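This report goes through selected local features of the structure shown below, beginning with charged pairs and ending with the surface.

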Amino acid sequence: MTIIEKSVDVDVPVRTAYNQWTQFESFPRFLEGVERIDHPERTLTHWVTRVGAVTHEFDAEIVEQRPDERLAWRTLTEPRHEGTVTFQSLGPVRTRVSLRLDLTACGVVEKTGSALHLARRRVHRGMESFKEFIEGHGRETGCWRGEIRSGRVRPDPAQGSPPVPTWPTG
Amino acid sequence: MDDPGGDKPHITPPKTWTTGVPAVAHAMEYSLEQTSPRRTALTLLNINQTEGFDCPGCAWPDPAPGHRKRNEYCENGAKHINDEATSRRITPTFFEQYSISELAGKSDQWLNQQGRLTEPMVKHVGSDHYEPVTWNEALGLLAEELRRLDSPDEAIFYTSGRASNEAAFVLQLFARAFGTNNLPDCSNMCHESSGAALKETLGVGKGDVSLRDIHHSDLVFLVGQNPGSNHPRMLTALEQTKRNGGRIVAVNPLPEAGLIRFKYPQKARGLIGRGTRIADQFLHIRVGGDLALFQALNLLLLEAEDARPGTVLDHEFIENQTSGFTEFAAHIRQLSWKDVHTATGLTRAEIEKLRDVVLGSERIIVCWAMGLTQHKHAVPTIREIVNFLLLRGNIGTPRAGACPVRGHSNVQGDRTMGIWEKMPREFMDALGREFSFTPPAEHGWDTVDSIRAMLDGRAKIFLGLAGNFVRATPDSRITESAMRRCRLTAHISTKLNRSHTVCGEIALILPTLGRSEKDRQAGGEQFVTVEDSMSQVHASHGRLEPASRMLLSEVAILSQLARHTLGDKVDVPWDGFETDYHLIRQRIARVVPGFENFNERVVRPGGFGLPNPVNEGVFPTPSGKALFTTNEFQMPQVPDGHLLLQTMRSHDQWNTIPYTLDDRYRGIHGSRRIVLVNPADIRALGLTDGAQVDLIGVWHDGVERRADGFRLVSYPTARGCAAAYYPETNVLVPLDSVAEISNTPTSKGVVIRLEPSPLQAAAPRASA
């Protein structure tokens with residue numbers, strides 16, 4: 001079985017839970033083994049993870065991002081996997097957050113029993129840590145309310161376009 | 001040193017791979033010829049490092065901090081930086097020894113090899129010698145001549161892409177405070193066509209891809225560019241594309257070695273293996289046939305959509321975020337395959353094979369360089385590339401997009417800082433508000449118009465911030481004549497070049513610090529900033545001791561000149577700018593959008609990126625949508641018995657400066673007066689391989705433009721085409737032969753004929 005799933009119910013509004021998931025740089029605070037995440041572009045994250053003494057780095061493309069509903073990504077380099085996290089409002093201050101990791105495309109090493117077991121354990125712990133983190137804070141550390149569909153960004157209507165020079169560069 | 005003769009060309013078969021061990025050896029050999037092992041080590045270990053200096057060689061971006069190699073440079077960058085770090089010096093004695101007339105007879109290579117300029121020099125009216133002058137006298141003289149002009153518009157302030165953001169901002173501020181928008185730059189001769197096409201169609205005049213996009217793209221086009229010689233670090237990124245499973249298509253009139261195979265010298269596989277194959281498909285296109293190729297490709301995509309509706313085009317994107325599709329599609333369906341074949345020299349089967357590669361690729365990037373931008377129809381060609389990218393939604397998505405590959409290290413940043421003769425109203429308003437003055441409203445002159453203005457006496461003073469104006473520009477004889485008609489010509493330079501020998505009545509050499517050198521001011525050691533080809537803005541810290549204690553930084557020279565010229569006429573703290581560059585960046589932050597908190601953000605390792613609105617789903621066009629355009633079919637018209645010449649640079653050359661007479665990837669050794677022609681064309685013209693020929697430019701003004709004494713070399717260039725080195729062949733490019741809209745000289749599409757040369761030896765000469 002190369003699918004890992006885990007759901008947690010968190011005692012914050014769906015907007016708060018979703019907004020926190022848009023703040024990739026904060027993931028190391030609750031995801032074990034994640035040392036750093038850079039978010040150089042809306043659709044791209046660069047992950048640095050550590051298992052024992054071994055450091056892995058990989059790029060992941062965010063292919064879908066719908067406010068208060070869903071986030072989906074796929075890695076562009078090894079270890080290959082796809083992931084989604086969905087948000088279901090259970091009430092004004094309660095949300096179900098469900099994570100699904102599909103490791104089908106992973107290499108043989110990542111699919112061995114011990115590696116899968118480790119990954120599953122980390123995912124479960126990570127989701128519990130997220131619950132602890134967001135309930136402890138009570139509010140998100142930041143947000144981006146734009147959308148991504150099929151890798152294409154639709155801007156956050158509240159933020160608009162970034163101010164940059166648009167004149168021709170020769 | 002003696003001026004190299006170049007009369008013994010030795011020709012070997014072109015190489016089929018680049019870099020590897022020979023690149024390391026050649027870089028070291030040249031570096032150690034120029035300077036000591038210690039300085040070589042110091043330059044090479046600091047180049048492109050986060051705490052070091054930005055390589056002035058090209059604008060290719062650096063990997064993110066933490067991912068840079070200890071040796072983050074290429075052969076050409078190493079040569080270029082050690083050419084600047086040379087231990088050779090030009091002192092006033094040199095100028096006593098050589099008159100300006102004598103120097104004008106020397107080759108570009110010889111002038112460069114004399115070493116670093118060390119003191120300000122002046123040529124007075126009627127003199128044929130440069131003489132030492134103090135900085136105060138030199139800048140006072142220039143200021144006085146500027147003030148004596150009848151109009152500020154009689155002055156021209158040219159910028160080359162080496163200038164830092166800070167120097168560029170100060171220069172444009174000075175020029176506008178003085179009262180003119182005459183701010184031509186080297187962009188006018190390079191990617192102006194790209195900026196014009198991208199601004200019109202996407203709303204932003206820059207590319208929209210990152211280095212990571214290149215690494216992870218499914219398909220990368222390399223069109224009209226030669227990464228092996230002109231931006232070799234790009235090959236490392238392309239190798240990464242291949243290792244990640246992406247494919248590469250190369251489109252070029254010359255089968256350049258860098259398009260075929262790459263051996264990465266920092267990996268064992270590059271040292272002992274066969275290296276990485278770069279192009280999966282090579283399209284041997286005729287010079288100037290790229291518009292036809294992309295139109296044909298777009299037609300094939302439309303037809304593929306007709307055959308399998310809903311599977312080829314990105315209808316949702318086209319419907320919601322673009323305009324002009326219907327007109328574009330109707331126009332492209334009228335394309336004639338006969339015309340396409342004539343223009344491209346390619347078969348329909350080759351283009352259909354390319355279509356299949358495109359259909360098998362989800363995310364596509366198109367990269368291009370001068371091979372596209374320096375044609376009469378350059379802007380339509382690049383607009384057609386945008387059409388191609390829009391059709392399948394390859395704009396505004398990750399791992400896809402448009403990638404104009406810029407040459408000069410800060411050419412993009414200089415434009416961002418306002419070096420342009422027609423900056424938009426919002427920039428001018430912000431500048432005026434910040435410094436409490438009214439910038440001139442009338443547009444200024446670009447490079448071609450500046451030459452025309454000097455030629456007919458409307459411009460009287462030329463100041464060049466870096467660069468080698470007379471050798472970078474077209475129509476050398478005309479341009480030199482224009483410069484000689486000036487009252488005063490002045491150049492802010494690190495090394496001697498031909499522009500110093502083509503003088504106005506008065507001439508000034510204003511020697512400046514190189515990028516690699518420590519910049520100490522009253523406010524402490526300074527750093528400067530640059531913007532790379534992918535809009536990353538970062539710091540550059542000089543690490544070497546300056547070549548002379550007499551050198552001033554570019555910022556210092558310009559600030560002092562502004563103070564001499566304007567006094568307190570405008571509310572600009574020129575002294576403060578010179579003392580502490582943070583103060584300049586504070587002002588940039590308030591004038592240029594996207595530079596908020598500039599000082600804080602730029603000191604982070606790797607600096608910061610200027611986001612492209614296109615990647616945020618925003619197209620800042622008048623309609624708010626990306627624009628499909630309708631481009632009339634065009635191709636260069638070449639009469640029978642003539643060839644279409646592209647000018648090009650050799651591998652051992654940086655912009656206008658040849659380091660040696662060799663071009664080893666193309667198998668040319670010991671000469672630059674070489675013209676590469678397809679063997680079938682040589683036979684058809686009744687000539688023989690190795691013959692001495694003159695190149696005669698054909699243009700409708702009746703002026704004979706001749707470059708003489710070239711050796712004809714049988715070479716696998718596309719049929720009907722020829723290639724020869726610039727600046728030697730700039731003499732053949734008519735000043736009035738320019739690209740539509742962008743006004744860029746058409747240096748890649750020059751109609752020539754060949755005549756047997758009466759010269760038996762191919763001796764180097766500055767211009768015909």
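A salt bridge is counted when a side-chain nitrogen of Lys or Arg comes within 4 Å of a carboxyl oxygen of Asp or Glu. Arg706(B) and Glu704(B) form such a salt bridge, with the closest N and O atoms 2.9 Å apart. The model is a predicted one. Glu704(B) counts as partly exposed, because its relative accessibility is 41%.

## Salt bridges

Over all chains, a search of the whole structure finds 71 salt bridges. Three of the pairs are listed here.

| Pair | Closest N and O atoms |
|---|---|
| Arg363(B) and Glu61(A) | 2.9 Å |
| Arg415(B) and Asp185(B) | 3.2 Å |
| Arg706(B) and Glu704(B) | 2.9 Å |

Arg363(B) forms its salt bridge with Glu61(A) at 2.9 Å between the closest N and O atoms. Arg363(B) is placed in the loop between helix H19 (348-359) and strand E14 (364-368) of chain B, while Glu61(A) is in strand E4 (residues 54-66) of chain A, so the pair joins two chains. Is Arg363(B) buried or exposed? Its relative accessibility is 5%, so Arg363(B) counts as buried. Glu61(A) has a relative accessible area of 0% and is therefore buried. The two residues also belong to a network of salt bridges that links Glu61(A), Arg74(A), Asp218(B), Glu362(B), Arg363(B) and Arg399(B).

In the second pair, Arg415(B) forms a salt bridge with Asp185(B), the closest N and O atoms being 3.2 Å apart. Arg415(B) belongs to helix H22 (residues 411-416) of chain B and Asp185(B) to the loop between H8 and H9 of chain B, so the salt bridge ties together parts that are 230 residues apart in sequence. Arg415(B) and Asp185(B) are both buried.

## Around Asn188(B)

The loop between helix H8 (165-178) and helix H9 (192-202) of chain B holds Asn188(B). Its relative accessibility is 2%, so Asn188(B) counts as buried. Which residues does Asn188(B) touch, not counting those up to four places away in sequence? They are Arg415(B), Glu421(B), Asp446(B), Thr447(B), Asn743(B), Thr744(B) and Pro745(B). Asn188(B) and Glu442(B) are separated by 254 residues in sequence and by 18 Å in space, C-alpha to C-alpha.

## Residues 643-750 of chain B and strand E30(B)

An unreviewed UniProt entry annotates residues 643-750 of chain B as "domain: Molybdopterin dinucleotide-binding". In the model this span is 6% helix and 35% strand, and its end C-alpha atoms lie 8 Å apart.

Strand E30 (residues 692-697) of chain B is mostly covered, with six of its six residues buried. In a regular strand the side chains alternate between the two faces of the sheet. Both faces of E30(B) are covered: one side has Gln692(B), Asp694(B) and Ile696(B), the other has Val693(B), Leu695(B) and Gly697(B), and all are buried.

E30(B) pairs in the antiparallel sense with strand E31 (residues 705-714) of chain B over five bridges. Leu695(B) has Ala707(B) as its bridge partner in E31(B). With strand E33 (residues 750-756) of chain B, E30(B) likewise pairs in the antiparallel sense over five bridges. There, Val693(B) stands opposite Pro756(B) in E33(B).

## Backbone geometry

The peptide bond from Tyr726(B) to Pro727(B) is cis, with omega near 5°. Pro727(B) sits in the loop between strand E32 (721-725) and E33 of chain B.

Asn48(B) is not a glycine, yet has a positive phi of about 60°. Asn48(B) is in the loop between helix H2 (37-46) and helix H3 (75-84) of chain B. With a relative accessibility of 1%, Asn48(B) counts as buried. Ser436(B), also not a glycine, has a positive phi of about 55°. Its place is in the loop between helix H23 (425-435) and helix H24 (447-455) of chain B. At 56% relative accessibility, Ser436(B) counts as exposed.

## Helix H1(A) and a surface patch

Helix H1 (residues 14-21) of chain A has seven of its eight residues buried, so the rest of the structure largely encloses this helix. The buried residues of H1(A) are Val14(A), Thr16(A), Ala17(A), Tyr18(A), Asn19(A), Gln20(A) and Trp21(A).

At the surface, Val21(B), Leu271(B) and Ile272(B) make a nonpolar patch of about 310 Å². Leu271(B) lies in helix H14 (residues 268-272) of chain B and is partly exposed, with a relative accessible area of 44%.

Terms used. Residues are numbered from 1 along each chain as its sequence is written. Chains are lettered from A and ligands numbered from 1 in the order in which they are written. This is a predicted model: local features need pLDDT of at least 70, side-chain atom pairs count only at pLDDT 80 or more; totals for chains, interfaces and linings use all residues. Side-chain values use heavy atoms; hydrogens and water are left out. UniProt positions are given in the numbering used here, feature names are shortened, and annotations may be inferred rather than shown by experiment. Helices (H or I, at least four residues) and strands (E, at least two) are DSSP runs, numbered from the N terminus. Patches are made of residues with over 30% relative accessible area and no salt bridge: like charges are joined within 9 Å, nonpolar side chains (Val, Leu, Ile, Met, Phe, Trp, Tyr) within 5 Å. Accessible areas come from the Shrake-Rupley method with a 1.4 Å probe; for residues, only the protein chains shown count as cover. Buried means under 20% relative accessible area, exposed over 50%, partly exposed in between (1.4 Å probe, protein chains only). Two strands pair if DSSP finds at least two bridges between them. Contact means heavy atoms within 4.5 Å.
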